[in-house]
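Biologist: Could you take me on a close look at one buried part of this model and then show me what lies around it? I would love a connected walk-through.

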Amino acid sequence: MTSVPPAELETRPSERDDAAPPSQKKRMLIVVNPFARTVSNRLKNLVVYALQSRYEVEAITTEAQNHATEISREAKAEGHDIVVAFGGDGTLNEVVNGIAGTDIAFSVLPGGSTNVVARTLGIPNDVVDATEHLLALADDFEPRPIDLGVANGRRFLFSCGAGLDATAAQMVDSRPEMKRRGGRWFYASAAIGGFYRRYLTNPVRMRLRTGDTEVEGITALCQNSDPFTFFGERSIRVCEDVTIDSGTLSIAMLKRAAQRDVPLIMARIFNDSMSAGDHRQIEHLSGITAATVTSVSRDENGDARAFPVQLDGEYVGHHKELELAIEPGALRVVA
């Protein structure tokens, strides 16, 4: 959970001499995923209490998938200045799809097992430190624009994957209790198991098209920021030459599934001094503003086989085609 006991959160904001007058407080909506790995009802109440010294706070708990998007869409009409996602990267994705393109600011309280977006934006990975960070920003409230990727009309913050990583996300999402308890180790075991069971024999092959370039493979990973994810404190890098405000995407295509390729690819991904894109079975493309990923595999009836897709680490179904694009400056963040 947090490195500082939650009780400390209760004592820090109790010294409220510097609390902002109600008329000067920004209106904050906190969207809470109660099933996120480090979120509890007590911790939520402590965080809300702390933030009330500098903001006018309302907290709403999600009840089902995509509920966070529905809640966030009402933020504009309700007069909120900022929406804060308190949960994992999947919760953040839902919130962003509710407020993107508006003038409402966005921020994060990390509650998941990985918290890629929070760390990419420079928000502390500890919820106590992140709360203090938001308190400090109340007097320096200057939202800045960042880009959002788009996949078949749905926005993503840091990654969209078709293939192996989406298979792992599907397996992990199907067992929420194991996801909550096992964290990165459960995800790693799902990725390994999925590779051996579904990709060494007859995987769905797909074709990536962007501009005049075409490349085929069995997994396409599109990034809107770097790194792709974290394994504990270690950053995992796949795509290069991309930042969350660069106005472009980077895409890596794994051309084949072969056991002999795994050791060298893993070594490159985990080593900051090496590049995954330099491996001969990975095609890396940067500076992308639009691309299409299409299935080229056929089933026994001659129909295209669908491939799994993940957005920001959450499985979002199987698709036969994926349209990728970038929306520069589509989200205003406070971080």
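Modeller: Happy to! Let's start with Leu 92, which sits in helix α4, residues 89-99; please keep in mind that this is a predicted model. Leu 92 has a relative accessible area of 1%, and because buried means under 20%, Leu 92 counts as buried. Beyond its neighbours within four places in sequence, Leu 92 is in contact with Ala 85, Gly 87, Phe 106, Val 108, Val 117 and Leu 157. Ala 68 is 24 residues from Leu 92 along the chain, and their C-alpha atoms are 8.4 Å apart.

One of those contacts, Phe 106, leads us on to the largest nonpolar core. This core has 54 residues, and Phe 106 and Leu 51 touch the most other members. Helix α6, residues 127-137, gives the most to this core, with 6 residues. Leu 51, for its part, touches residues including Met 28, Ile 30, Val 57 and Leu 109, and also Thr 131, Leu 134 and Leu 135, with residues up to four places away in sequence not counted. Apart from this core lies another, of 23 residues, among them Leu 285, Val 309, Leu 311 and Leu 322.

For a polar residue to set beside these, try His 279, in the loop between α9 (262-270) and β14 (282-288). His 279 is buried as well, with a relative accessible area of 7%. Its side chain reaches the backbone nitrogen of Gln 281 at 3.0 Å. Not counting residues up to four places away in sequence, His 279 touches Asp 261, Leu 264, Ile 265 and Arg 268.

Notes. Residues are numbered from 1 along each chain as its sequence is written. This is a predicted model: local features need pLDDT of at least 70, side-chain atom pairs count only at pLDDT 80 or more; totals for chains, interfaces and linings use all residues. Side-chain values use heavy atoms; hydrogens and water are left out. Helices (H or I, at least four residues) and strands (E, at least two) are DSSP runs, numbered from the N terminus. Buried means under 20% relative accessible area, exposed over 50%, partly exposed in between (1.4 Å probe, protein chains only). A polar contact is a pair of N or O atoms within 3.5 Å; within protein, one must be able to donate a hydrogen and the other to accept it, and residues adjacent in sequence count only if both atoms are side-chain atoms. Contact means heavy atoms within 4.5 Å. A nonpolar core is a set of buried Ala, Val, Leu, Ile, Met, Phe, Trp, Tyr and Cys residues joined through side-chain atoms within 4.5 Å.
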